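Got the viewer open? Here's a walk through the model, one selection at a time.

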Amino acid sequence: MNLHTPVNKRMKAYNNMKNAIIIGASSGIGRELALQLTAMNYRLCVTARREELLKKLGAALSRESFTRKMDISDTESAISIFSEITRKLGTVDLIIISAGTGFINPEMPWENDKCTIDVNVRGFTAIANTSYQFFKEQGYGQLAGISSVAAVRGGATAAYNASKAYVSSYLAGLRAKAAKEKLSLTVSDIRPGLVDTAMAQGEGLFWVAPVPKAAKQIIQCIERKKRIAYITKRWRLIAILLKLLPEGIYNRIA
């Protein structure tokens, strides 16, 4: 669609657009979600900390979409920017919190754990809480948080696993709260296994999903309003196995 398209057709297409916000979209899953959603006629605001990557993504989105720099570890600033975004969009159908970090370092320095907590726990909570309040006032919507298969049990990457368990538990809490308050709000907990991004580190990796495939399945789960979804689907089997393994065996592989 371009400026030569009749005005009535352009307005109809605009009115049929859904509005979505993706938090953490400069690379990996978040970036691919943005590209696939813009192809599905979503009007997007995408945020990220790395401005140059964000600008490149913005150039690939529809002209109705826009970008905004945001570092969710700076929670007060992130909440303020989020409020600006929702005012600009007016209504929001979908919010995806894809921002996250993690480190593989056997020395487990405090700086790495602190960064993980600041982003995956404090930053996530700031946006998830503010999203819930926004949807409650709006009266409807869907919140999707990107957790991980690592959420099901603690592991050697202690802070990462614990932070993702927090994400899943917080989303479950929001789901319970929405039900209690009888809100028309869907809360989706998306738990990817290994996806071919910078986060997939280490040797002997298996079932590593291409980013486009993972993003496509995430969108399908969102559209189906899944409460909990493993990406790709077969990682549900791994999640079940991780929960059932005796601690002695689990600790040798975690």
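Which ring does Arg 153 lie over? Select Arg 153 and Tyr 250 together: the arginine lies over the face of Tyr 250, at 4.1 Å from the ring centre. Keep in mind as you go that this is a predicted model.

There's another charge over a ring to look at. Pick Lys 88 and Phe 66, and you'll find the charged end of Lys 88 over the Phe 66 ring, 4.0 Å from its centre.

**Stop: helix 5 and its salt bridges**

Now colour residues 110-138, which make up helix 5, and pick out Asp 118 within them. Is Asp 118 buried or exposed? Its relative accessible area is 14%, so it falls on the buried side of the 20% cut-off.

Show the side chains around Asp 118. Lys 114 makes a salt bridge to Asp 118, with the closest N and O atoms 2.7 Å apart. Why do these two sit about one helical turn from each other? Because Lys 114 and Asp 118 are four residues apart in helix 5. Lys 114 itself is partly exposed, at 38% relative accessibility.

Go the other way along the helix and add Arg 122. Its side chain meets that of Asp 118 in a salt bridge too, at 3.5 Å from N to O. Arg 122 and Asp 118 are also four residues apart in helix 5, so about one helical turn separates them. Arg 122 is partly exposed, with a relative accessible area of 38%. Select Lys 114, Asp 118 and Arg 122 at once and you have a network of salt bridges.

What else does Asp 118 touch, once neighbours within four places in sequence are set aside? Ile 72, Ser 73 and Gly 123 are its contacts. For a sense of scale, draw a distance from Asp 118 to Leu 57: the C-alpha atoms are 25 Å apart in space, and the two residues are 61 apart in sequence.

While you're in this part of the chain, click on Cys 115. With a relative accessible area of 29%, Cys 115 is partly exposed. Then jump to Cys 221, which counts as buried at 9% relative accessibility. How many disulfides does a search of the whole structure find? Zero.

**Stop: the aromatic rings**

Next, display the rings. The structure holds three aromatic pairs. One to zoom in on is Phe 124 with Tyr 170, an edge-to-face pair with 6.0 Å between centres and 80° between planes. This pair connects distant parts of the chain, since Phe 124 is in helix 5 and Tyr 170 is in helix 6 (residues 158-180), 46 residues apart. Both Phe 124 and Tyr 170 are buried. Add Tyr 166 to the selection, and you have one aromatic cluster made of Phe 124, Tyr 166 and Tyr 170.

**Stop: helix 6**

Tyr 170 brings you to helix 6, so stay there and put a ruler along the helix. Its 23 residues should span 33 Å at 1.5 Å a residue, and its end C-alpha atoms are 33 Å apart, which agrees.

Now highlight the buried residues of helix 6, which include Tyr 160, Val 167, Tyr 170, Leu 171 and Leu 174. Charged side chains turn up there as well: Lys 164 and Arg 175 are among the buried residues. What do the buried residues of helix 6 pack against? Show helix 5, strand 5 (140-146), strand 6 (184-192), strand 7 (228-231) and helix 9 (247-253) to see their partners.

Towards the end of the helix, select Lys 177 and Glu 181. Their side chains meet in a salt bridge, 3.0 Å from N to O. Lys 177 is partly exposed at 38% relative accessibility, and Glu 181 is partly exposed at 29%. Just after helix 6, check the backbone of Lys 182, which takes a positive phi of about 55°. Across the structure, the salt bridges come to seven.

**Last stop: strand 6**

Finish on Arg 191, which lies in strand 6. Arg 191 counts as buried, at 12% relative accessibility. Which residues does Arg 191 touch, not counting those up to four places away in sequence? Turn on Ser 147, Ser 148, Val 149 and Val 152, then Ser 168, and lastly Ile 228, Ala 229, Tyr 230 and Ile 231. Ser 168 is also one of the buried residues of helix 6.

Key: Residues are numbered from 1 along each chain as its sequence is written. This is a predicted model: local features need pLDDT of at least 70, side-chain atom pairs count only at pLDDT 80 or more; totals for chains, interfaces and linings use all residues. Side-chain values use heavy atoms; hydrogens and water are left out. Buried means under 20% relative accessible area, exposed over 50%, partly exposed in between (1.4 Å probe, protein chains only). Contact means heavy atoms within 4.5 Å. A disulfide is a pair of cysteine sulfur atoms within 2.5 Å. Rings of Phe, Tyr and Trp (its six-membered ring) pair if their centres lie within 6.5 Å; planes under 30 degrees apart count as stacked, over 60 as edge-to-face and the rest as tilted. A charge sits over a ring if NZ of Lys or CZ of Arg is within 6 Å of the ring centre and within 35 degrees of the ring normal. A salt bridge is a side-chain nitrogen of Lys or Arg within 4 Å of a carboxyl oxygen of Asp or Glu. The expected span of a helix is 1.5 Å times one less than its number of residues.
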